[in-house]
Amino acid sequence: MKYLLTLISIFCCTILFAQNIEMPTAKFITGDNAIYSYPSTDDNQWQEVKLPLSWEMQGLEKYDGYAWYRFHVILPESLKNNSLWKDSLRIYLGKIDDVSAVYFNAIKIGQAGSFPEDKGGYKTAWNTDQEYHVATNSPFIKWKGENIISVKVYDGGGAGGMFSGQPYVNMLDLIDGIKITTKNSAEKDGSTKTVVSFKNIFATTISGKCSISCFDEEDQVEISKSETAVSLKKDDVKLFYPVAVKGKNHITYTYSFIENKTNKSVTIRSTPAYILTPAPSAAPRINGAKIFGVRPNSPVLCKIAATGKAPLQYSVEGLPEGL
């Protein structure tokens with residue numbers, strides 16, 4: 001019998017901004033009507049839903065078809081003023097099942113997939129992150145006032161609606177050009193080798209600090225931390241090779257890039273997989289069932305489950321007559 005191995009692996013990504021307007025709830029109604037995108041439409045009687053959860057998880061089991069979400073968002077001028085570039089507002093909506101069209105104060109700003117009435121017919125885009133950018137000088141944006149972000153959704157079957165990723169609004173900024181990725185590979189000694197890459201995808205140079213820290217979650221102690229100043233041109237990549245901590249299980253690695261001009265940062269955290277179950281002993285041990293039986297007049301095949309350092313030798317005494 002093989003020992004059951006329990007593995008724990010955690011990976012998360014967080015982008016830290018000076019100002020981030022989250023949209024954890026929305027007004028919701030089934031059906032389809034163009035007036036649902038109008039700021040003047042009264043949605044006080046609409047259902048309030050939590051996000052990101054499909055509408056099946058909020059009382060609409062087996063509902064397929066059209067529905068609308070409405071977000072009431074107040075945009076303070078500080079959102080724009082605290083940004084370095086000040087030119088693009090970002091609306092992030094996560095994944096939407098199956099087709100969606102997004103309206104900002106009744107002005108359509110984007111669509112994912114195709115509705116049944118569209119040319120070419122229905123085409124799902126359920127597994128695509130929905131992110132839209134709007135120029136901050138757009139005449140339909142109400143700075144210091146309330147804005148209505150409306151999302152028309154069509155579900156062609158199964159789960160429906162906004163189901164993955166916390167919706168938010170913020171400013172697109174220089175830090176968004178930095179992408180951090182990790183790649184793990186198993187070593188012969190059982191350890192995990194990690195390569196961390198910091199890449200600039202924008203067509204402008206981004207300068208800042210790459211920070212790598214290692215934290216012992218069990219003892220609540222920071223084991224190590226390092227910072228390296230870097231300047232990345234478009235498509236430049238900076239690689240790091242964090243040293244694995246041996247003899248410890250629950251270790252969290254944090255990789256950050258802090259951009260110089262705005263002091264904004266992007267961070268990812270990961271905990272390498274580790275085994276909770278003790279390693280099997282080298283001493284031979286039988287782990288099979290104590291009682292074994294078959295139907296009368298049937299062949300007997302009893303596999304002996306055992307662990308221990310190979311090679312193992314087996315011998316049996318006291319078998320019933322006939323075996």
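In the predicted model, Lys-152 is found in strand 10, the element that covers residues 146-155. The relative accessibility of Lys-152 is 9%, and because residues under 20% are classed as buried, Lys-152 counts as buried. The side chain of Lys-152 is joined to the side chain of Asp-32 by a polar contact of 3.4 Å. When neighbours within four places in sequence are left aside, Asp-32 also appears in the list of residues in contact with Lys-152, together with Tyr-66, Ala-67, Trp-68, Val-99, Ser-100, Ala-101, Tyr-103, Phe-115 and Glu-117.

The protein to which this residue belongs contains 21 strands and 1 helix. Its radius of gyration is 28 Å, whereas the globule rule gives 20 Å for 323 residues, a value that is well exceeded, and the protein is therefore more spread out than a compact globule. Consistent with this description, the C-alpha trace spans about 90 × 55 × 35 Å along the principal axes of the protein.

Of the 323 residues in the protein, 39% are buried, and Lys-152 counts as buried as well. Among the contacts with a separation of 6 or more, 72% are accounted for by residues that stand 24 or more positions apart. The protein exposes about 19100 Å², of which 52% is supplied by carbon and sulfur atoms. With regard to charge, the protein carries 35 positive and 33 negative charges, and the mean positions of these two sets are 6 Å apart.

Definitions and conventions:
Residues are numbered from 1 along each chain as its sequence is written. This is a predicted model: local features need pLDDT of at least 70, side-chain atom pairs count only at pLDDT 80 or more; totals for chains, interfaces and linings use all residues. Side-chain values use heavy atoms; hydrogens and water are left out. Helices (H or I, at least four residues) and strands (E, at least two) are DSSP runs, numbered from the N terminus. The radius of gyration is taken over C-alpha atoms; the globule rule is 2.2 Å times the number of residues to the power 0.38. Buried means under 20% relative accessible area, exposed over 50%, partly exposed in between (1.4 Å probe, protein chains only). Contact means heavy atoms within 4.5 Å. Accessible areas come from the Shrake-Rupley method with a 1.4 Å probe; for residues, only the protein chains shown count as cover. Lys and Arg count as positive and Asp and Glu as negative; His and the chain ends are not counted. The place of a charge is taken as NZ of Lys, CZ of Arg, CG of Asp or CD of Glu. A polar contact is a pair of N or O atoms within 3.5 Å; within protein, one must be able to donate a hydrogen and the other to accept it, and residues adjacent in sequence count only if both atoms are side-chain atoms.
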